Amino acid sequence: MAETSSLASSLTPSPSSFSSAAPGPAPRRRALAITAVCLVALLAVGNFVARPALDSYLSGRVASAIRQALPGLDKGASITTGDDLVLQLMQGRVDSIAIDASRLDLPVKADTASTLSVNDVHVDLTGVSTSRPHRASSVRAMGIIDWQGATDLVTTANINPADVTVDVVRPGTDTDPGSARASGVGYGSAFEIVFEPRVRDDGGLSITVSSAKADGVEVPIDGPDSEGGRILSLLGIPIDGAEITADQLPQGLRIEQVMVTDNGLKISLTGSDVTMSE
């Protein structure tokens with residue numbers, strides 16, 4: 001029995017054996033837990049620090065692509081994008097891009113001009129493809145065609161801007177584009193021309209002359225051989241007015257509204273599936 005008792009005692013651990021053996025794995029478990037917490041913390045900190053830097057870098061790359069697609073954009077333009085550019089670029093499109101610029105020159109194919117210059121311009125683009133040709137699912141833009149730009153659209157003559165004064169006759173509203181008067185001296189006579197802008201049915205822009213004066217006397221504009229017609233011809237102004245048709249604008253872009261203001265023609269443009277570069 002003594003042997004049995006001795007065997008049982010050897011198989012049955014004593015309380016002291018529990019107290020000495022059990023603590024063995026605990027330090028390892030604590031070490032693993034501490035390591036896991038540290039890894040999570042490092043990943044969180046790394047993501048917090050690196051993600052903005054990566055987004056900033058990618059945003060710069062997007063801005064560079066936009067400048068190439070819009071060569072008429074002034075160099076000081078602000079181009080901003082949303083967050084999470086990594087996922088957007090992986091999908092091949094940028095969700096939204098905002099542009100604020102002092103000037104944007106849009107190529108046009110009008111008879112009187114090859115460029116539509118818009119000042120103080122703000123543009124919102126959505127769904128911009130990252131591959132060429134760059135297209136935007138939607139575009140909204142607004143800005144001002146200053147009076148020099150409007151004069152360049154209307155006339156093919158080389159008129160010194162200092163010789164022409166433009167003032168508002170009828171300010172534009174949401175329902176009425178308004179009218180303006182250009183006055184100056186040319187070919188030995190003082191002239192006044194009242195012109196009116198309007199949006200064409202196809203989404204283009206039309207600027208027509210509604211009346212003309214020579215040396216303070218109103219002259220008729222009944223055709224190219226009328227007195228008013230000859231004055232317009234000398235000034236390089238088409239008797240039927242100047243126009244930019246929708247198909248002369250960048251593909252997919254349309255003029256939505258034009259208004260006469262003190263600073264020029266306020267213009268709003270919209271479009272869907274707009275081609276930004278070929």
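Let's start with what I mean by empty space: on a 1 Å grid over the protein atoms alone, a cavity is a set of points where a 1.4 Å probe fits but cannot get out, while a pocket is an open set with protein on both sides within 12 Å along at least five of seven lines, and lining residues have an atom within 4 Å of a point. Grid points are joined across faces, edges and corners, and a volume is the space filled by probe spheres set on those points.

Before I go on, this is a predicted model, where local features need pLDDT of at least 70, side-chain atom pairs count only at pLDDT 80 or more, and totals for chains, interfaces and linings use all residues. Residues are numbered from 1 along each chain as its sequence is written, and side-chain values use heavy atoms, with hydrogens and water left out.

Okay, the overall picture. The protein chain has six helices and 12 strands; those are DSSP runs numbered from the N terminus, helices being H or I with at least four residues and strands E with at least two. Of its 278 residues, 39% are buried, meaning under 20% relative accessible area with a 1.4 Å probe, protein chains only. Taking contacts with a separation of 6 or more, 53% are between residues 24 or more positions apart, where contact means heavy atoms within 4.5 Å.

Now the cavities. How many are there of 30 Å³ or more? Two, by this rule. The largest cavity has a volume of about 170 Å³. Its lining has 14 residues, and T151, V154, A182, F195 and I237 lie nearest the centre. Elements giving two or more residues to that lining are α5 (147-154), β5 (164-170) and β7 (189-199), and α5 gives the most, with four. By class, that lining has 12 nonpolar, two polar and no charged residues. For the classes, Ala, Val, Leu, Ile, Met, Phe, Trp, Tyr, Cys and Pro count as nonpolar, Asp, Glu, Lys and Arg as charged, and the others, Gly among them, as polar.

On to the pockets. The largest pocket holds about 550 Å³ of space. There are 30 residues around it, with L70, L106, P107, P250 and T275 nearest its centre. At least two lining residues come from each of β2, β3, β4 (135-146) and β12 (264-275). The lining here splits into 20 nonpolar, six polar and four charged residues.

The second largest pocket has about 260 Å³ of space. It is lined by 16 residues, and R61, V62, A65, T130 and H134 are nearest its centre. Here α3 (26-69), β2 and β3 each give two or more residues, with the largest share, eight, coming from α3.

You've heard β2 and β3 come up for both pockets, so look at how they pair. Strands β2 (residues 93-107) and β3 (residues 115-129) run antiparallel, joined by 13 bridges; two strands pair if DSSP finds at least two bridges between them. One bridge puts S96 opposite T126 in β3. On top of that, β1 (residues 78-81) pairs antiparallel with β2 over four bridges, and S78 has D100 as its bridge partner in β2.

Last stop, S129, which sits in β3. Is S129 buried or exposed? It's buried, at 18% relative accessible area. Leaving out residues up to four places away in sequence, S129 touches G92, R93, H134 and R135.

Definitions and conventions:
Buried means under 20% relative accessible area, exposed over 50%, partly exposed in between (1.4 Å probe, protein chains only).
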